[in-house]
Amino acid sequence: MKIAIVGLGLIGGSLGRTIVKNTQHTVYAFDISHRAMLDGKLLKAYHHELDDKNIGDIDLIFFSLYPDALEKALCEYCPRLKDGALVVDCCGNKRRVVGEMQQLAKTYPRLNFISSHPMAGREFSGVSHSTATLFDKASMILVPVKADIKTIQGLKEFSLAIGFGTVVITNAKEHDRIIAYTSQLAHLVSSSYIKSPTAVQFMGFSAGSFRDMTRVARLSPEMWSELTTDNADFLVGEIQTLIDNLTEYKNALENGDKDKMKELLSDGNDKKLQSEKMRRSKIYEN
């Protein structure tokens with residue numbers, strides 16, 4: 001199979017390196033950054049540069065771009081793809097992207113469209129930080145837009161073959177609702193937490209908790225501002241729930257209510273145990 005990757009950042013670069021390392025597929029790539037292309041070549045993230053001569057031979061094309069850049073790229077590449085080619089994006093939000101793909105599917109009914117979200121990342125960006133193991137045992141989320149069962153199953157099997165541990169198939173609204181909590185809220189909490197004036201005094205007074213809480217405060221402001229504003233409705237709701245929960249802890253502290261604090265902490269501990277139990281049951285199911 002001939003696979004193309006447009007956008008050699010952390011995700012696109014890691015995807016290319018993983019496919020090159022673990023499969024016999026031929027990988028083509030393009031990035032507007034000449035440096036990214038050079039680094040990608042050195043890191044074996046692709047075999048050949050994607051150009052006008054080979055674009056018509058591509059079977060599967062991944063777009064690993066920011067949401068604002070994706071629409072333009074889709075409009076540029078879709079007319080040049082062969083009949084039956086599968087178009088897949090890797091964006092972190094789905095409603096906007098799926099809406100764009102639905103319109104393109106009407107214009108190009110000969111193409112297949114599936115929106116994807118590889119649930120993996122690092123606090124660093126760029127192809128130079130990509131790895132061939134980034135997706136090992138990770139979850140791949142698929143949102144079918146215009147594809148038959150055989151095509152969806154094929155992408156699922158491909159994802160598992162290159163290292164993903166789980167493939168979840170859902171719709172755009174459900175994806176964005178849950179991602180607002182599991183990913184985007186976590187980044188905003190981390191970004192808010194590190195802004196305390198006490199943060200500069202952490203040396204010698206911190207261990208794993210501080211490291212874990214602040215890790216994802218290191219991010220790409222350009223990408224995450226797009227992702228969070230695009231998903232503002234769900235994300236604002238999650239922020240309000242967090243504020244309400246923190247307010248309960250704050251009130252208990254202000255009132256010196258040790259019993260209430262114990263109750264709140266016990267409830268949080270129980271919720272964590274429940275989530276871990278559910279996670280393990282899902283792993284066993286798969």
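These are my notebook entries on what I looked up in this predicted model.

**Ground rules**

I am working with a prediction, so I noted that local features need pLDDT of at least 70 and side-chain atom pairs count only at pLDDT 80 or more, while totals for chains, interfaces and linings use all residues. Residues are numbered from 1 along each chain as its sequence is written, and side-chain values use heavy atoms, with hydrogens and water left out.

**Entry 1: the whole chain**

I began with the overall picture. The chain has 10 helices and 8 strands; these are DSSP runs numbered from the N terminus, helices being H or I with at least four residues and strands being E with at least two. I looked up the extent of the C-alpha trace next, and along its principal axes it spans about 70 × 40 × 35 Å. Of the 286 residues in the chain, 40% are buried. For that word I use under 20% relative accessible area, with exposed meaning over 50% and partly exposed lying in between (1.4 Å probe, protein chains only).

**Entry 2: helix 9**

Helix 9 covers residues 232–254. I checked its length: its 23 residues should span 33 Å at 1.5 Å a residue, and the end C-alpha atoms are 32 Å apart, which agrees. The expected span here is 1.5 Å times one less than the number of residues. Within helix 9, I found F234, L235 and A252 buried. I243, also in this helix, counts as partly exposed because its relative accessibility is 41%. After the helix comes G256, with a positive phi near 60°.

I then asked myself which residues form a nonpolar patch on the surface with I243. They are L188 and I239, and the three together have about 200 Å² of accessible area. A patch takes residues with over 30% relative accessible area and no salt bridge, joining like charges within 9 Å and nonpolar side chains (Val, Leu, Ile, Met, Phe, Trp, Tyr) within 5 Å. The areas come from the Shrake-Rupley method with a 1.4 Å probe, and for residues only the protein chains shown count as cover.

**Entry 3: salt bridges**

I searched the whole structure and noted 17 salt bridges. One needs a side-chain nitrogen of Lys or Arg within 4 Å of a carboxyl oxygen of Asp or Glu.

I opened three of them. D39 pairs with R35, the closest N and O atoms being 3.1 Å apart. Both sit in helix 2 (residues 34–42), 4 residues apart, about one turn of the helix. I recalled that an α-helix has 3.6 residues a turn, so residues three or four places apart point the same way. Is each partner buried or exposed? D39 is buried at 16% relative accessible area, whereas R35 is exposed at 57%.

K272 and E276 also meet at 3.1 Å, N to O. Their home is helix 10 (residues 258–285), where they too lie 4 residues apart. K272 counts as partly exposed at 48% relative accessibility, and E276 counts as partly exposed at 21%. I also noted a network in which salt bridges with shared partners join D68, R96, E100 and D230.

The D52 and R80 side chains form a salt bridge at 2.3 Å, N to O. This pair links distant parts of the chain, 28 residues apart: D52 is in the loop between strand 3 (48–49) and strand 4 (60–63), and R80 is in the loop between helix 3 (67–77) and strand 5 (86–89). D52 is exposed at 61% relative accessibility, while R80 is partly exposed at 28%.

**Entry 4: positive phi**

I looked for positive phi in residues other than glycine, and K44 has a value near 60°. K44 sits in the loop between helix 2 and strand 3 and is exposed, with a relative accessible area of 60%. K137 has a positive phi of about 65°. Its loop runs between strand 6 (112–119) and strand 7 (139–146), and at 75% relative accessibility K137 counts as exposed.
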